Amino acid sequence: MRDANVKKSAEAEETSAGRDHPVDPFFSAVLTPYRSLGPKGFLALMLIFGGVSFFTGLFFVSIGAWPIFGFFGLDVALVWFAFRSNYRQARAFEEVHVSAEEVILRKVSPRGESQLYRFNPVWVRIAVERIEDEGVIRLCLRSHGNEVELGHFLSPLDRQDFASALAGALSAARGGGPAPRPAGRAHGA
């Protein structure tokens with residue numbers, strides 16, 4: 001999927017007595033918010049921004065406008081705080097596991113608080129809201145009058161890709177699981 005927002009989870013094969021995910025899921029995905037600036041880029045940005053602010057502030061000190069120096073430091077602190085807050089929000093993620101017996105959605109907040117939702121794959125439906133010019137703006141799982149939004153932090157294209165993949169997994173779950181793959185023949189045999 002785009003921007004590595006949706007990653008297939010290799011840990012889905014682990015057994016866990018049904019607490020966090022089904023015993024034998026055939027579809028697993030971890031949805032994470034996209035952040036375009038990594039830790040190294042953030043450090044480089046702050047060093048450049050801080051350096052420019054410092055030397056510009058020194059210029060103002062040299063011409064006698066020393067109070068302005070403090071405002072340049074305040075700008076750097078505000079930019080740092082905004083980025084740190086953004087990275088804190090990026091700790092949130094959602095896990096989706098689909099097996100023939102159940103669909104499990106686990107939402108983890110930036111603080112680490114977890115909510116677990118379980119659905120029967122026969123009854124759960126995907127609700128997709130679209131706007132023609134923007135694409136998919138909302139994606140929900142619905143079952144028995146209950147609705148849970150997922151992937152709210154994904155881009156419209158990522159939501160569309162994920163909705164298609166999840167719809168295929170739910171269709172397979174309603175059919176009893178994925179079709180077994182035929183064994184390939186070895187070359188030269």
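**View 1. An open sheet of three strands in a predicted model.** The strand order is 6-7-8, and the pairing is antiparallel. Strands here are DSSP runs of E with at least two residues, helices are runs of H or I with at least four residues, and both are numbered from the N terminus. Two strands pair if DSSP finds at least two bridges between them. Strand 6 (125–131) and strand 8 (146–149) are the edge strands, and each pairs on one side only. On average, neighbouring strands of this sheet are turned by 30° against each other, direction ignored. Axes are lines fitted to C-alpha atoms, for helices over the stretch in contact; angles run from 0 to 180 degrees between N-to-C directions.

The model is predicted: local features need pLDDT of at least 70, side-chain atom pairs count only at pLDDT 80 or more, and totals for chains, interfaces and linings use all residues. Residues are numbered from 1 along each chain as its sequence is written, and side-chain values use heavy atoms, without hydrogens and water.

**View 2. Strand 6 beside strand 7.** Seven bridges join strand 6 to strand 7 (residues 135–143). The two strands run antiparallel. Glu-129 stands opposite Arg-138 in strand 7.

**View 3. Helix 3 on the sheet.** Helix 3 (residues 156–174) packs on the sheet. This helix touches strand 6 and strand 7, where contact means heavy atoms within 4.5 Å. The direction of helix 3 makes about 30° with that of strand 7.

**View 4. The chain around the close-ups.** The chain has three helices and eight strands. From the N terminus on, the elements run β-β-α-α-β-β-β-β-β-β-α.
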